[in-house]
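User: Take me through this model feature by feature, with the general idea before each case. Start wherever you like.

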Amino acid sequence: MNLNQLILLVCALLQSVHVQAQAQAIYPATPAKERLEGIARRTRLTDESLFKNLPLRNIGPTIMSGRAVDLEVNPEDPNEFYVAYASGGLWHTSNNGQSFEPLFDQEDVMTIGDFAVDWKTRHIWLGTGEVNSSRSSYSGVGMFFSADSGKTWQQRGLPESHHIGKVLLHPNDPKTVWVAALGHLYSPNAERGVYKTTDGGTNWQRVLSGDDTTGAVDLVMDPFNPSILYATLWHRDRRAWNFVESGATSAIYKSVDEGEHWNRISGGESGFPSGPGVGRIGLAISQQHPNVLYAVLDNQERSKEEEPRDTAKIEARDLREISKERFLALNDTKLEKFLRNNGFPEKYTAAVVKELVKSDSIKTSAITDYLNDANNSLFDTPIIGLEIYRSEDAGKTWKKTHTTRLKNVVYTYGYYFGRIAVSPIDDNRIAVCGLPLIFSTDGGKSFKPIDGDNVHGDHHAVWMSAKRPGHMIICNDGGLNITYDEGKHWFKANTPPVGQFYHVTVDMETPYNVYGGLQDNGVWTGSSSTTPSTEWHASGSYPYKFLMGGDGMQTQVDYRDNTTLYTGFQFGYYYKLNKNQPDGAQSIQPQNDLGEPNFRFNWQTPICLSRHNQDILYFGSNRFHRSMNPTEPLKTLSGDLTRNDRKGDVPYNTITTIAESSKRFGLLYLGTDDGLCWISKDDGYTWSKISDGLPQQLWVSRVEPSSHQEGRVYVSLNGYRFDHFLPYVYVSEDFGASWKAIANGLPAEPVNVVREDPSDENILYVGTDNGVYVSLDRGANWMNLTPGLPRTAVHDLVVHPRDPELVIGTHGRSIFILPLTDVRALTDSLRKSPIAFLHAEPVNYQASWGRRPDEFSDPSAPSAAWAYFAQSSGTTRIRLISKAGVLLKEVSDSAEAGVNYVTNDLSLDGATAKKLEAECRKSKKDAAFRILPGKDDGKYYLVPGEYKLTFTDANGHSVEGKFEVKDPSAKKESGVPDPESVGPPGK
């Protein structure tokens, strides 16, 4: 190669790098200033909301819990501790986990990386932004501080940190704090490293820097000398399509002057590895001998250790580079067994595969290529993986504690763990977090798993008692577990509803059931009428039922029987099953032919069951698949519908959403993770791209065909995987030929889902990474629909087809249900009224009103809720009037602008009761009719009948409504109450 050719080659390479960089930076990370302005915008949308008082209710579930990432235990009373969830907030218990109180629900964000408690002052320092770098590890906005045990909070800086690995408090100076800031997850940024404040967070100094992809992930302190600190830096660079989880800048550092200066103590002759394979590092320091440290390493170097071969069978590695001749000479019985054990379609027998190879229809490499799917890659990549090192000289030298590989602990995803704990009373006893929790009693020479029955996998934090040997509390993807015998027995402490749902759907039973897939907790179903409690302990039957394991994904329900389901787990492993017999699930995942490129499945692969014909199922990989009846395998109808332009170790260029129009059979839409949208008007046979008028390259989070206009369709786009947090929602009135932006006014929060109300074309719902918003004018204006919802990510919304309710699937606080009757009532004309009556639910009369159910209970009493709309805030006077015009009751309500609810116990004073009694006696012509006081509380109560309500605002505007007390025993033809039904209790 001559000089000119070399120059041309270098220029071409530089241009390629530039083009790639440009492609990666199409959407810049949203600056902290803009994110904080978005939070202020969210506050305004909350203050301006007409729906502050809607009765939002949580229906759980609780038992399977969600990812718990950190805990702090009171050293004097271990019955009291705090626990942080990745996206479920901070909780406090003082009764050993029997119950918890949430403490961080209404702050700017809910995602937590680490926190620390000063038990002497009850101060809490909390670092937002989960540290585990997972697909749904949400970013924070820096540090928060509470001086009153978590009752109130103040933001204390570092908003660009995004993800915080560790918070360390000075034992003697409450204003000195150190923070390990990991930095952005999906974009480079300079604000990474170890930060220190000496003035309580007013100012921060970065005392240890990495680079724009290397941040600080862990910190520990010498228990006898707070001047001595150890920190770890970690190089990691995640994209939607690739994850570099190790690098030469990953290392251990030490400071001997309270973090002012640092020296690298790993690599070189220290005995601790260095180089491009060094991944996440976690530290623990002995409380007995501070010169003793442990380090857990995710070693991404390729393993040189050859796995023992089983000559009695064929293994995949035997076929990787096998020649045609050797392949044809393989033993047919062994080859047949290999094909069946590895899930090849039944049509590929040993004889068929050999014939395909013999005829050169496929190459021998097609066999192993067929097995190269995303799920297998999570477990089978040949890296060294987990290693444990120990130093006995304060970090000068390190030695690996074990001689054999620690296999099957962290697999390929050591980035998800990186925590090690040492017993405060015996530094030879260590616990290491991984898929199992492994424990050593000999300083790491040998290990055994201790997370037995009743313990979920994927562990993130461990606490060991300094006073009671064997007492441990652990955090994992299934919540909290507590043991008192070093892991021989565990119990769950999972009362908080902190489930991390990816997707929810409903059926048509009465009451309807909700189905959902959860992060690492499978697929579950439960009734929409569920009230979370521990009462199920008595019956032994939890109200939610488990359907399938893995990372639970989407579910579709056949409404014809509400029993036939289609559901599954990560990367397209889906099944058809009967929910009453889930063990009989049948695989429905589409399979490519040998020799063809493998299908690419998204982590959350989309499926859609046709409501025009519920025998038809739609399925998306990077191609579109369809089955026309339940016994027919899915057929591939399209070519690659993605850009297919990104290569990496994370499945990408995949379909993310599929939707069917309710207005027209065969009208389908789909979207991809690389920003493409498509339409088919012939049930999937042909597809046309409709995304040219949309922002390019963003993740298509939802396509929503209108229920009201055939040509109308909505789409939401998401920039989370660029650390780009602006909202994108669009509408088209012409089948996607042109688009109009309708996200104006929404805060800087990525949008996960957009839904149209099927009963009113003007109402739209949007779920973002921080809440739910509603528009009453098709996207022209937005307001916060759920001000009371914790600040968790909303991954899915479902408007029930029959019942006026919105089901909210959150990724951190389980499932909420919101009634929509009063949302739908706020038409444009009604909102122009100064005051309007909405509804008053009838109340069934009970003869037990005013009577104690037993001697230990309060007397029972009714509760009526009357809903009204007020255009402005102020005092509203509500009057309850009988048919004859007798004023029975008058109450005042401090109204807010929007929907208001006033509750009343329907009790009357004695004089008013006599007036109502006389009216009833006259209408019934029954001189014996009486309204008697409650036996135990002496109060008089409203009797069955129809009543009038009047609502009068502060300016004198009035509106009337009706309210009814029903009597189930009243004679239908008379329309008047039965005297027997309104006598004294027990009459």
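Analyst: Let's start with D640, which is partly exposed at a relative accessible area of 31%. Buried means under 20% relative accessible area, exposed over 50%, and partly exposed in between (1.4 Å probe, protein chains only). The model is predicted, so local features need pLDDT of at least 70 and side-chain atom pairs pLDDT 80 or more, while totals for chains, interfaces and linings use all residues. Residues are numbered from 1 along each chain as its sequence is written, and side-chain values use heavy atoms, without hydrogens and water.

User: Which side chain does D640 meet in a salt bridge?

Analyst: Side chains of opposite charge can pair when their charged atoms come close. For D640 the partner is R600, at 2.8 Å, N to O. A salt bridge here is a side-chain nitrogen of Lys or Arg within 4 Å of a carboxyl oxygen of Asp or Glu. R600 sits in the loop between β39 (581-587) and β40 (607-609), and D640 in the loop between β43 (635-636) and β44 (655-660), so the pair ties together parts 40 residues apart in sequence. R600 is partly exposed too, at 21% relative accessibility. The element labels are DSSP runs numbered from the N terminus: helices are H or I with at least four residues, strands E with at least two.

User: How many salt bridges does a search of the whole structure find?

Analyst: It turns up 48. One of them joins the side chains of E805 and R57 at 3.6 Å, N to O. E805 belongs to strand β57 (residues 805-810) and R57 to strand β1 (residues 57-58), so that pair ties together parts 748 residues apart in sequence. E805 is buried at 17% relative accessible area, while R57 counts as partly exposed at 31%. Try E733 and R712 next, whose side chains meet at 2.9 Å, N to O. E733 is in the loop between β50 (728-732) and β51 (740-741), R712 in the loop between β48 (699-705) and β49 (713-718), so parts 21 residues apart in sequence are tied together. R712 is buried at 6%, and E733 is partly exposed at 42%. There's also a network of salt bridges that links R702, E704, R755 and D796.

User: How far away is the nearest side chain of opposite charge from D822?

Analyst: That's R824, 10 Å away, and D822 is buried with no salt bridge. For charge, Lys and Arg count as positive, Asp and Glu as negative, and His and the chain ends are not counted. D822 is in helix α9 (residues 821-825). Its side chain does make a polar contact with the side chain of H839, at 2.8 Å. A polar contact is a pair of N or O atoms within 3.5 Å; within protein, one must be able to donate a hydrogen and the other to accept it, and residues adjacent in sequence count only if both atoms are side-chain atoms. Beyond the neighbours within four places in sequence, D822 is in contact (heavy atoms within 4.5 Å) with residues including F51, L54, A867 and Y901.

User: Which residues are buried in helix α4?

Analyst: In α4 (residues 332-341), look at L335, F338 and L339. They cover an arc of only 95° around the axis, which puts them on the same side of the helix; the arc is that of the directions from the axis to the C-beta atoms. T333, K337 and N341 are exposed on the other side. The buried residues pack against α3 (324-328), α5 (350-358) and α6 (365-370). At the start of α4, a side-chain oxygen of N331 comes to within 2.9 Å of the backbone nitrogen of T333. Just after α4, G343 has a positive phi of about 75°.

User: Where should I look for unusual backbone geometry?

Analyst: Most residues other than glycine have a negative phi, and most peptide bonds are trans. N96 has a positive phi of about 60° and lies in the loop between β4 (89-93) and β5 (101-102). L906, also with a positive phi, near 60°, is buried at 1% relative accessible area. As for cis peptide bonds, one runs from G60 to P61, with omega near 0°, and another joins T510 and P511, with omega about -10°. P511 is in the loop between β32 (501-506) and β33 (513-518).
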